Every structure is written in C-alpha cells, then in structure tokens.
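Let's work through a few exercises together. Keep the viewer open and try each task before you read its solution.

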Amino acid sequence: MKRNFKRKGRFRGKHKKVDVKIKLPHLFRVGRDVATENLVPGQTVYRELLVEKDGKQLRLWNPKRSKFASAMLKGMVFDFSGDESILYLGVSSGTTASHLSDIFRKGIIYGVDSAPRVLREFALLARTRSNLIPILANAAKPEEYSFLVPKVDILYQDVAQSNQSDILIRNAKAFLKKGGIAVLMLKARSINVAEEPGKIFQQEQEKLMKAGFKILDRRRLEPFQRDHLAFLMKWGE
Ligand SMILES: C[S@@+](CC[C@H](N)C(=O)[O-])C[C@H]1O[C@@H](n2cnc3c(N)ncnc32)[C@H](O)[C@@H]1O
C-alpha cells in the first residue's frame, strides 16, 4: 500500500500491530493504526495526520488522544451501520467526536459537556459538521437537556468523574432505547486513587449490571490510557 503522509501532526503509532475487525463505515486500517475518512477534506481537528489512500483522505486516529480508538486497538469490536443517533457525555472539544462524525455521517451526535471553554471549541467544530449538536450541560442532570435530546441508539460516556456509573445509568434511563448500546470509558483514579483498579472495575460492573446493563465486552486500555477500562454494554433486555 502506498502511503502519502502529510506531516500535519506529530503522532505516528509505535505500538505493535493487532487484529482489528472493521465493522464501521468510513473506518480503515493504516499500518498499525486506524483512520477515518475525512468528512471535511483538508480539515484537521487536533493536528492529526492526514493520509491519502485510494483517492480518499483519511484522518489518523490517535489512540493516546481517544479512548474509542484505543479500545479498538485493544480488540473491542464496534458494529454499527453509521446511521445511528448518539448521545456523547463528556464530548470536550471534539477529538473523538470528530472521528465519530466521519463515521456516523448519516446519523447524529449530541455532544454534552459542562466546561464552557471546551464546548465553545466543539461548537466551532459543529459549524463545519452538520451531524454534531453541542449542548452545554451537566451530564449528572439529564433533565437539563431532555427537551433537546430524543431517545438514542448509542450512549457514549467519557467524563472522568467519581460518579461515572451513576451518570451513565441516569442517562440510559432518560435517553437510551431498549436494546441500545452503551460505551463507558471508566477511569479508576477518578473513583478512588487508593484502591486497586481491578477491584474498582469489578464493583462498577456489578452496579451497571444491577441497573440493567448486559456486559458485551470489557477491555483495559493500557498502554494507551493508564488505569482505564472500556465497557461495551446492551441496555434493558
Ligand atoms: C477526558 S475528557 C473527554 C475527552 C473526550 N471524550 C475525547 O475523547 O475527545 C472529560 C470531559 O468530561 C467533561 N465533564 C466532566 N464532568 C462532566 C459532567 N458532569 N457533565 C458534562 N461533562 C463533564 C469535562 O469537562 C471534560 O471535557
């Protein structure tokens, strides 16, 4: 494969190559990494590398900057058609959401964040990508944005808070369709810095299952993110 790197960013993957099952539209393998087809050709969002392949412009997806990419490189399989609706809690300035925007180009992504500074950046990104909807709100209070968000197919959460699981459960009850998929990026150190991460993950898993989630997969995200675990779950069946 001929690779034509435009050096617009610093990242090139140095991790070992693992098998990644590609079950998402506009997602590609580039060497050891994954990349998405740029919905807005020429645009870079976080100084990621742009790669030309088979007449398509791809954005290299940095697994150190995005837990979604690291989960894929750790073997988690995301199987979606690209027309789903997503509620994204902790969207920040849109690093990960920009790649989801490349993939879910027939769907819609409601991005919630409580920090005005990063949400402003995400709102600027949303001006260039019509499938992104910025919402400035506290994800612990879903009633604050219930008038804006309909029932969704996918709930994605990356908020790094001590009550991460409770926030997810509250939002699933309010917005996730029955049988919908939830992806939770759990940060052990946000819950308890003193406790062993494996123990925290187990406790949180039990809480999530009790609330009605079925665990489909779970992956530790080292070496990309320390003391993080990704949960892939199904809601209410
Ligand atoms: C680790 S960063 C998210 C990075 C982002 N998901 C990405 O991959 O591009 C965590 C984000 O969660 C947001 N956050 C924390 N607590 C929140 C809450 N209660 N409601 C909404 N957003 C929250 C923070 O402002 C921060 O932007």
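**Exercise 1.** How many Å separate the centres of domain 1 and domain 2, taken over C-alpha atoms?

*Solution.* Keep in mind that this is a predicted model. Start by finding the two parts: domain 1 covers residues 4-64, and domain 2 runs over 71-235. Next, take the centre of each domain over its C-alpha atoms; the two centres lie 22 Å apart. Finally, look at where the domains touch: 26 residues of domain 1 and 25 residues of domain 2 take part in the contact.

**Exercise 2.** Find where the ligand sits, then describe the residues around the ligand.

*Solution.* First, go to the largest pocket, as that's where the ligand sits. Then check the shell of 17 residues: Tyr88, Thr96, Asp113, Ala139 and Asp158 come nearest to the ligand. Now sort the shell by class, and you get 7 nonpolar, 7 polar and 3 charged residues.

**Exercise 3.** Which distances link polar side-chain atoms to the ligand, counting N or O pairs within 3.5 Å?

*Solution.* Take the ligand's nitrogen atoms to begin with. One is 2.6 Å from a side-chain N or O atom of Tyr88, and a polar side-chain atom of Gln161 is 3.2 Å from a ligand nitrogen. Now switch to oxygen: Thr96 places a polar side-chain atom 2.5 Å from a ligand oxygen. To finish, consider cover: on its own the ligand has 610 Å² of accessible area, and the protein covers 81% of that.

Methods: Residues are numbered from 1 along each chain as its sequence is written. This is a predicted model: local features need pLDDT of at least 70, side-chain atom pairs count only at pLDDT 80 or more; totals for chains, interfaces and linings use all residues. Side-chain values use heavy atoms; hydrogens and water are left out. A residue is near a molecule or strand if one of its heavy atoms lies within 4 Å of it. A polar contact is a pair of N or O atoms within 3.5 Å; within protein, one must be able to donate a hydrogen and the other to accept it, and residues adjacent in sequence count only if both atoms are side-chain atoms. Accessible areas come from the Shrake-Rupley method with a 1.4 Å probe; for residues, only the protein chains shown count as cover. On a 1 Å grid over the protein atoms alone, a cavity is a set of points where a 1.4 Å probe fits but cannot get out, and a pocket is an open set with protein on both sides within 12 Å along at least five of seven lines; lining residues have an atom within 4 Å of a point. A molecule sits in a cavity or pocket if more than half of its atoms lie within 2 Å of its grid points. Ala, Val, Leu, Ile, Met, Phe, Trp, Tyr, Cys and Pro count as nonpolar, Asp, Glu, Lys and Arg as charged, and the others, Gly among them, as polar. Domain bounds come from an automatic or database domain assignment. Contact means heavy atoms within 4.5 Å.
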